[in-house]
Amino acid sequence: MNPGPKVGNGRNGDNRSFLEKAAAAWGPAPDWVVEFAKEADAHGLKGAAATIGCSASLVSNVVNNKYPGDLGRIEEAVRGALMGKTVWCQGVGDDIARHTCLDWQKKPFVPTSPDRARMYRACRDNCPHFRAHTPKPSDGGSDERQ
């Protein structure tokens with residue numbers, strides 16, 4: 001009788017850690033990829049994904065240097081959620097985590113919620129951190145804090 005699939009570490013027969021996979025895929029991996037891989041090792045793909053609000057497959061693709069999308073967006077979310085990066089928010093009037101800033105930017109306008117309406121307008125009213133206005137992280141150009 002076949003006992004069925006093995007319940008294991010979720011590595012599909014590959015016993016390397018996510019940190020080892022990142023090193024193999026990236027060579028010297030960027031610091032944010034290393035932190036993302038450590039999060040995946042500690043909490044699994046789903047746990048790392050939940051930390052920045054993405055899918056487990058995205059985490060795997062980033063760690064394995066196969067993600068075809070906007071790595072800058074993922075980098076900013078990882079830096080905010082795992083590395084303590086903050087930005088000044090004109091809507092809040094204080095520093096907020098970068099991943100929280102990105103979350104606010106994705107939310108649609110809701111006229112029945114004063115907070116959501118205020119943040120929607122603050123994000124789109126010449127905020128230097130709004131993704132549509134922000135240069136890519138490698139371009140250098142804002143007052144982001146780490």
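In the predicted model, pLDDT remains under 50 across residues 134–146, a stretch for which 23 contacts beyond four places in sequence are nevertheless present. Where pLDDT is low, the predicted coordinates should not be read in detail. Over the protein chain, pLDDT averages 84, and 81% of the residues score at least 70. Among the elements of the protein chain, the lowest mean pLDDT, 88, belongs to helix α5 (residues 98–106), whereas the highest, 97, belongs to helix α3 (residues 56–63).

The protein chain comprises 6 helices and 2 strands, which follow one another along the sequence in the pattern α-α-α-α-β-β-α-α. Of its 146 residues, 32% count as buried. The accessible surface of the protein chain amounts to about 8,500 Å², and carbon and sulfur atoms contribute 52% of this area. Among contacts with a separation of 6 or more in the protein chain, 46% are made by residues 24 or more positions apart.

Helices α1 and α3 each present a set of buried residues. In helix α1 (residues 18–26), the buried positions are F18, K21, A22 and W26. These residues lie on the same side of α1, because the arc that they cover around the axis is only 110 degrees. An α-helix has 3.6 residues a turn, so residues three or four places apart point the same way. The packing partners of the buried residues of α1 are α2 (31–52), α3 and α4 (71–82). Just after α1, G27 adopts a positive phi of about 75 degrees.

In α3, the buried residues are L58, V59, V62 and V63. Viewed down the axis of α3, these residues fall within an arc of 130 degrees and therefore line one face of the helix. Their cover includes α1, α2 and α4. N65 follows α3 and is found in the loop between α3 and α4. Its phi is near 55 degrees, a positive value in a residue other than glycine. With a relative accessible area of 37%, N65 is partly exposed.

Contacts of A37 connect several of these positions. A37 lies in helix α2 and counts as buried, at 0% relative accessibility. When residues up to four places away in sequence are not counted, A37 touches F18, L19, A22 and V63. Of these contacts, F18 and A22 are among the buried residues of α1, and V63 is among those of α3. The C-alpha atoms of A37 and S60 are 8.9 Å apart in space, although 23 residues separate the two in sequence.

The structure contains 2 aromatic pairs. One of them is formed by W26 and W32 in an edge-to-face arrangement, with 6.4 Å centre to centre and 75 degrees between the planes. Both W26 and W32 are buried. In the other pair, the ring centres of F109 and Y120 are 5.3 Å apart and the planes stand at 65 degrees, so this pair is likewise edge-to-face. The F109 and Y120 pair links distant parts of the chain, 11 residues apart: F109 is in the loop between α5 and α6 (114–124), and Y120 is in helix α6. F109 counts as partly exposed at 35% relative accessibility, and Y120 counts as partly exposed at 27%.

Further features concern α5 and the segment after α6. The charged end of K107 sits over the ring of W104, at 4.3 Å from its centre. K106 is placed in helix α5 and counts as exposed, with 55% relative accessibility. K106 and C123 are 17 residues apart along the chain, and 9.8 Å separates their C-alpha atoms. In the segment after α6, N126 has a positive phi of about 60 degrees although N126 is not a glycine. N126 is exposed, with a relative accessible area of 64%.

Conventions
Residues numbered from 1 in each chain as written. Predicted model: local features only at pLDDT ≥ 70, side-chain atom pairs only at ≥ 80, totals over all residues. Heavy atoms only, no water. Helix = DSSP H or I, 4+ residues; strand = E, 2+ residues; numbered from the N terminus. Buried < 20%, exposed > 50% of the residue type's maximum accessible area, 1.4 Å probe, protein only. Contact = heavy atoms within 4.5 Å. Areas by Shrake-Rupley, 256 points an atom, 1.4 Å probe, with all protein chains shown as cover. pLDDT = per-residue confidence, 0-100. Phe/Tyr/Trp six-rings, centres within 6.5 Å; stacked < 30°, edge-to-face > 60°. Lys NZ or Arg CZ within 6 Å of the ring centre and 35° of its normal. Arc of directions from axis to C-beta.
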